[in-house]
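User: Could you walk me through this model? I'd like to hear the reasoning behind each label you use.

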Amino acid sequence: MSITIQNLNKQFGNFTALNNINLEVESGELVALLGPSGCGKTTLLRIIGGLDVQNSGNILFHGKNIAHRNARERSVGFVFQHYALFRHMTLFENVAFGLRVKPKKERHNETEIKRRVHELLQLVQLDWLADRYPAQLSGGQRQRVALARALAVEPQILLLDEPFGALDTKVRKELRRWLRRLHDELHVTSVFVTHDQEEALEVADRIVVMNKGEIEQVGSPDEVYANPGSPFVYEFIGNVNLFHSRTHALWTHQHGDAIAYVRPHDIEISSDPHPSSLTAIVKQIRAIGPTVRLETATLPDGEIVEIELSRERFNATPVSVGDKVFIYPRHIRLFEEKKKNPEFSAIAHHS
Ligand SMILES: Nc1ncnc2c1ncn2[C@@H]1O[C@H](COP(=O)(O)OP(=O)(O)OP(=O)(O)O)[C@@H](O)[C@H]1O
């Protein structure tokens, strides 16, 4: 089931929460809505699910306008951050709930309900806990039950709002890999809200980057990471060094008032000068897993430049704190800095 969002606007009083959103989610896709707190992700998800109503604009499911359909009639499954399981019901009953409350003519008989619930619990690998109560489960297990419960009514669309937000990092990582595998098996069109860029990059087929109620960029994880369309996306996804062309004309090729963006892993470090190198002093060295992060300060102005090297690369040319080094970018992206308008536009892209 595809989702089409056309010219969607949402106001809360005078506040514009969503400004002219246009988006196409293809059938069977897993799309992440990614952005900082308050950018409108949850509002958009709630409107898609029929839990909230837009001020203007349309939402189409599979080409059909669904404005008149309420949440129940949209065939949508929800999973929220805080596991909304019924505490007094076993896992089995929690998952069976949606099937039991179906209108009589659509309801399956008890044997079929049992079969379906066990199948779903097997899918989320919790069938062995069917008789337990939610309080007897870990947070990660509860979220898997919440997902099984959302899937029980065979939704055409699955909406997930920070489903792993309340869990610790290790469990989060496991669950997102698990969600990706589950999605590959089921292919239910899914929209997933997160403010965690790593989560979006790892799980989604496509990422919708949102900022202040607007869409900044839509693309595959690779596109969004390797080719950010705006300074906002550059800064939001991955670490980045920022340089003003006035101070670093060498790297920005004298592009007037431009801002240069360079990823820490796109900076080369050498003990010999290079035609476009800046001189810098190594201030700090931190090894984090397989990478080594260096903090350097350029000479003479002391601007901090972060550099990331693989451990092998670092070991091949080791440096120490206090060393003078030459640094130059392998890949740089320039955005024009407009004086009146705080918006930026890309003006160059070179490697
Ligand atoms: N019912 C409401 N009444 C008034 N303002 C609201 C309401 N719901 C949301 N907002 C505002 O709309 C903006 C977008 O909220 P929304 O929850 O969609 O953001 P979000 O991107 O999901 O953020 P978070 O990651 O923190 O959940 C916020 O500034 C929020 O304060």
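User: Which residues are buried in α1?

Analyst: Happy to help! This is a predicted model, in which local features need pLDDT of at least 70, side-chain atom pairs count only at pLDDT 80 or more, and totals for chains, interfaces and linings use all residues. Residues are numbered from 1 along each chain as its sequence is written, and side-chain values use heavy atoms, with hydrogens and water left out. In α1, the buried residues are Lys41, Thr43, Leu44, Leu45, Ile47, Ile48 and Gly49. Buried means under 20% relative accessible area, exposed over 50%, and partly exposed in between (1.4 Å probe, protein chains only).

User: Why is helix α1 called largely enclosed?

Analyst: Helix α1 covers residues 41-49, and 7 of its 9 residues are buried, so the rest of the structure largely encloses it. As for the word helix, it stands for a DSSP run (H or I, at least four residues), while a strand is a run of E of at least two; both are numbered from the N terminus. Just after α1 comes Gly50, with a positive phi of about 85°.

User: What makes the largest nonpolar core a core, and how many residues has it?

Analyst: The term covers a set of buried Ala, Val, Leu, Ile, Met, Phe, Trp, Tyr and Cys residues joined through side-chain atoms within 4.5 Å. The largest such set has 45 residues, and Val95, Val117, Leu147 and Leu179 have the most contacts inside it. Helix α4 (residues 139-152) gives the largest share, 7 residues. Another core, of 24 residues, lies apart from it; Ile21, Ile48, Ile59 and Phe61 are among them.

User: Which residues are around the ligand?

Analyst: They are Phe12, Phe15, Ala17, Pro36, Ser37, Gly38, Cys39, Gly40, Lys41, Thr42 and Thr43. A residue qualifies as near if one of its heavy atoms lies within 4 Å of the molecule or strand in question. The largest share of this shell, 3 residues, comes from α1.

User: How do you know that Lys41 makes a polar contact with the ligand?

Analyst: A polar contact is a pair of N or O atoms within 3.5 Å; within protein, one must be able to donate a hydrogen and the other to accept it, and residues adjacent in sequence count only if both atoms are side-chain atoms. A polar side-chain atom of Lys41 lies 2.9 Å from a ligand oxygen atom, so the pair meets that cut-off. Polar backbone atoms also take part: that of Gly38 is 2.7 Å from an oxygen atom of the ligand, and that of Gly40 is 3.0 Å from one.
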